[in-house]
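User: Hi, can you walk me through this structure? Keep it simple, please.
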Amino acid sequence: MTKTAVVTGASSGIGAATARRLAAEGFDVVAAARRRDRLDRLAAEVPSIRPATLDVTSQESVDAFAATLDRCDVLVNNAGGAIGLEPVASGRVDDWQRMYEVNVIGSLRMTRALMPRLIASGDGVLVMLTSVAGLVSYEGGGGYCAAKHAQTSMTETLRLELCGEPVRVVEIAPGMVHTEEFSLTRFRGDAESAAKVYDGVPDPLTAEDVADVIAFAVTRPAHVNIDRLVIRPRAQAAQHKVHRV
């Protein structure tokens with residue numbers, strides 16, 4: 001039987017690239033996000049992708065989504081994002097709440113809803129799309145780093161709690177990835193400021209690069225778990241060390 005993969009935040013960026021890549025690997029892919037028009041276009045391009053409207057910040061939406069699934073072999077908790085670059089001392093509470101609600105509580109909602117199906121599959125794979133911001137903090141990243149640290153901690157705890165169950169728990173932690181929306185959202189729609197993040201950086205990662213390693217992780221044999229995979233462009237040695245030309 002063909003395996004089913006669920007990808008959240010699949011309307012753009014890493015989520016959309018992952019949906020395409022897992023479909024190419026032979027999965028039936030359920031591409032889930034709020035923006036149904038984008039999902040419909042994605043599904044029109046790839047016959048093995050099924051669009052599904054989902055808001056991970058709404059329990060009602062998550063419950064309704066889960067009720068439509070007959071099975072789930074792979075869950076990619078990709079929905080997330082960063083908002084703002086204010087210092088902690090002047091951080092906006094609503095931004096912090098939003099980042100925590102999407103990155104952390106959204107992942108919790110989806111994990112709770114689909115864990116029974118992952119276990120029932122006999123070889124489930126849960127992928128948490130975190131960030132190097134969940135491993136090392138940086139100035140201006142307080143809210144995002146806090147959310148991603150929490151998501152990383154959740155991943156580590158899940159792996160301990162699921163020991164003995166037929167579910168692999170994988171963390172993919174990207175560094176600098178140039179997608180169409182991540183920095184634009186962080187800079188509140190300021191396209192010029194968003195573009196400067198990547199100025200002079202030779203070949204930042206693409207969404208397809210990250211999708212490639214997600215596909216690698218979920219297609220390993222059932223006894224092989226990729227605990228954490230950190231992926232950065234060659235030009236980025238660390239959060240504060242980026243080669244620019």
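User: Which residues touch the most other members of the largest nonpolar core?
Analyst: This is a predicted model. Its largest nonpolar core holds 38 residues. Leu22, Val29, Ile49, Ile172, Ile214 and Val218 touch the most other members.

User: Which helix gives the largest share of this core?
Analyst: Helix α8, residues 207–218, does. It supplies eight residues. In soluble globular proteins, nonpolar side chains tend to be buried together.

User: Take Val29. What does Val29 touch?
Analyst: Leaving out residues up to four places away in sequence, Val29 touches Ala5, Val7, Ala19, Leu22, Ala23, Ser48, Ile49 and Arg50.
Analyst: There is another core apart from this one, with 29 residues. Val30, Phe65, Leu114 and Leu126 are among them.

User: Back to α8. Which of its residues are buried?
Analyst: Ala207, Val210, Ala211, Val213, Ile214, Ala215, Ala217 and Val218 are the buried ones.

User: And what covers them?
Analyst: The cover includes α1 (13–24), β4, β5, β6 and β7.

User: How far apart are the ends of α8?
Analyst: The end C-alpha atoms are 17 Å apart. At 1.5 Å a residue, the 12 residues should span 16 Å, so the two values agree.

User: New topic, the sheet. In what order do the strands sit?
Analyst: The order is β3-β2-β1-β4-β5-β6-β7. These seven strands form an open sheet, and the pairing is parallel. Strands of a sheet pair through backbone hydrogen bonds, either parallel or antiparallel.

User: Which are the edge strands?
Analyst: They are β3 (49–53) and β7 (228–231). Each pairs on one side only. On average, neighbouring strands of this sheet are turned by 15° against each other, direction ignored.

User: How many bridges do β1 and β4 have?
Analyst: Three bridges pair β1 (residues 4–8) with β4 (residues 74–77), in the parallel sense. Val6 has Leu75 in β4 as its bridge partner. Helix α4, residues 93–120, packs on the sheet. It touches β1, β4, β5 (124–129) and β6 (167–174). The direction of α4 makes about 170° with that of β4.

User: There's an arginine in α4, Arg109. Buried or exposed?
Analyst: Arg109 counts as buried, because its relative accessibility is 16% and the cut-off for buried is under 20%. Not counting residues up to four places away in sequence, Arg109 touches Val56, Thr57, Ser58, Gln59, Val62 and Glu101.

User: Now the other end of the sheet. How many bridges join β6 to β7?
Analyst: Four, and the two strands run parallel. Ile172 stands opposite Leu229 in β7.

User: Which way do the side chains of β7 point?
Analyst: They alternate. Leu229 and Ile231 point to one face and are buried. Arg228 and Val230 point to the other face and are not buried.

User: What about Val169? Where is it?
Analyst: Val169 is in strand β6. It counts as buried, at 1% relative accessibility. Val169 and Ile226 are 57 residues apart in sequence, yet 7.7 Å apart in space, C-alpha to C-alpha.

User: What does Val169 touch?
Analyst: Ile226 is one of its contacts. Others include Leu126, Thr155, Leu158, Arg159, Leu162, Asn225 and Asp227. Residues up to four places away in sequence are not counted here.

User: Let's do loops. Where is Met176?
Analyst: Met176 is in the loop between β6 and α6 (182–186). Met176 counts as buried, at 11% relative accessibility. Its contacts include Val197, Tyr198, Pro204, Leu205 and Pro233, not counting residues up to four places away in sequence.

User: And Asp203, buried or exposed?
Analyst: Asp203 is exposed, with a relative accessible area of 69%. It lies in the loop between α7 (191–196) and α8. Its phi is near 60°, a positive value in a residue other than glycine. Most residues other than glycine have a negative phi.

User: Last one. How many disulfides does the structure hold?
Analyst: Zero. Cys145 counts as buried, at 3% relative accessibility. Cys163 counts as exposed, at 69%.

Methods: Residues numbered from 1 in each chain as written. Predicted model: local features only at pLDDT ≥ 70, side-chain atom pairs only at ≥ 80, totals over all residues. Heavy atoms only, no water. Core = buried A, V, L, I, M, F, W, Y, C linked by side-chain atoms within 4.5 Å. Buried < 20%, exposed > 50% of the residue type's maximum accessible area, 1.4 Å probe, protein only. Contact = heavy atoms within 4.5 Å. Disulfide = S-S within 2.5 Å. Pairing = 2+ DSSP bridges. Axes fitted to C-alpha atoms, helices over the stretch in contact; angles between N-to-C directions. Expected span 1.5 Å × (residues − 1).
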